[in-house]
Amino acid sequence: MIETVLRITFSLLVVLLLAWGLSKVARKPLAGRGGGHLSVIARQQLSRNSSVAIVRVTDRALVLGVTDGQVTLLTETDLAALQEQREEPEERVPVSLPAAVPTADSSPADEVAAGRNPLAGSALSPQTWKTALETLRERTARN
C-alpha cells in the first residue's frame, strides 16, 4: 500500500516538474531564438480590428496594414531614413492661454464669485442646452 502511494506521488511530482519546465521554455520570446532579424518598430491602432505596423527586416523597414483576416504590404522604405526621422526632436511651441481659462489654483467658487459660470461651454451648462435647442428649432422651422 505504501509502495503504491510513493509511486503515485513520485509520478505526480515528475509530471508537475515537466509542466513547469515546459512553461518556462514557452515563455521565452521568439526573437531571441532566431537571431533578431525581425522586429516591430512601431504600431498604430486604426480601429478595433485594424492597425498599421512598421516592421524591421534586416536593413529594410516594411509598412504593413494588419487586420484580423490578413496582412498587407503598404510600402517599403529605407531603415536608415526612418531612424533619422525618429531621432529628430519635435519642435514644441508654447501656447499662451487666455485669461478666461481657470488656473489650477482657482476653484469653482472663485469663478462664481467673479461672475463667470464655471459650467460655461460644457454639456452641463443650461446655456449650452438652450443654444442647441434654438439651433434645432431654426433648422426644423417650416417657412
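Here are five short exercises on this predicted model, each with a worked solution.

Residues are numbered from 1 along each chain as its sequence is written, and side-chain values use heavy atoms, with hydrogens and water left out. Since we're working with a prediction, local features need pLDDT of at least 70, side-chain atom pairs count only at pLDDT 80 or more, and totals for chains, interfaces and linings use all residues.

**Exercise 1. The overall layout**

Work out how many helices and strands the chain has, and in what pattern they follow each other.

Step 1: Get the vocabulary straight. Helices (H or I, at least four residues) and strands (E, at least two) are DSSP runs, numbered from the N terminus.

Step 2: Count them up, and you get 5 helices and 4 strands.

Step 3: Now walk along the sequence. The pattern reads α-α-β-β-β-β-α-α-α.

Step 4: Check how much is covered. Buried means under 20% relative accessible area, exposed over 50%, and partly exposed in between (1.4 Å probe, protein chains only). Of the chain's 143 residues, 10% count as buried.

Step 5: Look at contacts, meaning heavy atoms within 4.5 Å. Take those with a separation of 6 or more: residues 24 or more positions apart account for 5% of them.

**Exercise 2. Helix α1**

Find the span of helix α1, and say whether the helix is covered or in the open.

Step 1: α1 covers residues 2–26, which gives 25 residues.

Step 2: Compare spans. The expected value is 1.5 Å times one less than the number of residues. From first C-alpha to last, α1 reaches 36 Å, close to the expected 36 Å.

Step 3: Count the buried residues of α1. The number is 0, so the helix lies largely in the open.

**Exercise 3. Building the sheet**

Describe the order of the strands and how they pair.

Step 1: Two strands pair if DSSP finds at least two bridges between them. That gives an open sheet of 4 strands in the order β1-β2-β3-β4, with antiparallel pairing.

Step 2: Find the edges. β1 (38–47) and β4 each have a single partner strand, so one side of each is left without a neighbour in the sheet.

Step 3: Add the twist, which averages 20° from one strand to the next. (The axes are lines fitted to C-alpha atoms, for helices over the stretch in contact, and angles run from 0 to 180 degrees between N-to-C directions.)

Step 4: Zoom in on β2 (residues 50–57) and β3, which pair over 8 bridges. S51 stands opposite V66, and A53 has L64 as its bridge partner. These two strands form a hairpin with 2 residues between them, and T58 in the turn has a positive phi of about 50°.

Step 5: Move on to β3 and β4, joined by 7 bridges. Here V63 faces T75, and the hairpin linking the strands runs through 3 residues.

Step 6: See how covered β3 (residues 60–67) is: 6 of its 8 residues are buried.

**Exercise 4. The salt bridges**

List the salt bridges and say where each one sits.

Step 1: Use the rule: a side-chain nitrogen of Lys or Arg within 4 Å of a carboxyl oxygen of Asp or Glu. The count comes to 3.

Step 2: Start with E3 and R7, at 3.3 Å from N to O. They're 4 residues apart in α1, so about one helical turn separates them. Both are exposed.

Step 3: Next come R60 and E76, at 3.1 Å. R60 lies in β3 and E76 in β4, so the pair ties together parts that are 16 residues apart in sequence. R60 is partly exposed at 35%, and E76 is partly exposed at 42%.

Step 4: Finish with R137 and E134, at 3.2 Å. Both lie in helix α5 (residues 126–140), 3 residues apart, about one turn of the helix. R137 is partly exposed at 48%, and so is E134 at 40%.

**Exercise 5. A close look at T72**

Describe the surroundings of T72.

Step 1: Place T72 in strand β4 (residues 71–78).

Step 2: Classify its exposure. T72 has 32% relative accessibility, so it counts as partly exposed.

Step 3: Leave out residues up to four places away in sequence, and T72 touches V63, L64 and G65.

Step 4: Check for polar contacts (a pair of N or O atoms within 3.5 Å; within protein, one must be able to donate a hydrogen and the other to accept it, and residues adjacent in sequence count only if both atoms are side-chain atoms). The side chain of T72 makes one with the side chain of Q70, at 3.2 Å.

Step 5: Finally, compare with V52, 20 residues apart from T72 along the chain: their C-alpha atoms are separated by 9.5 Å.
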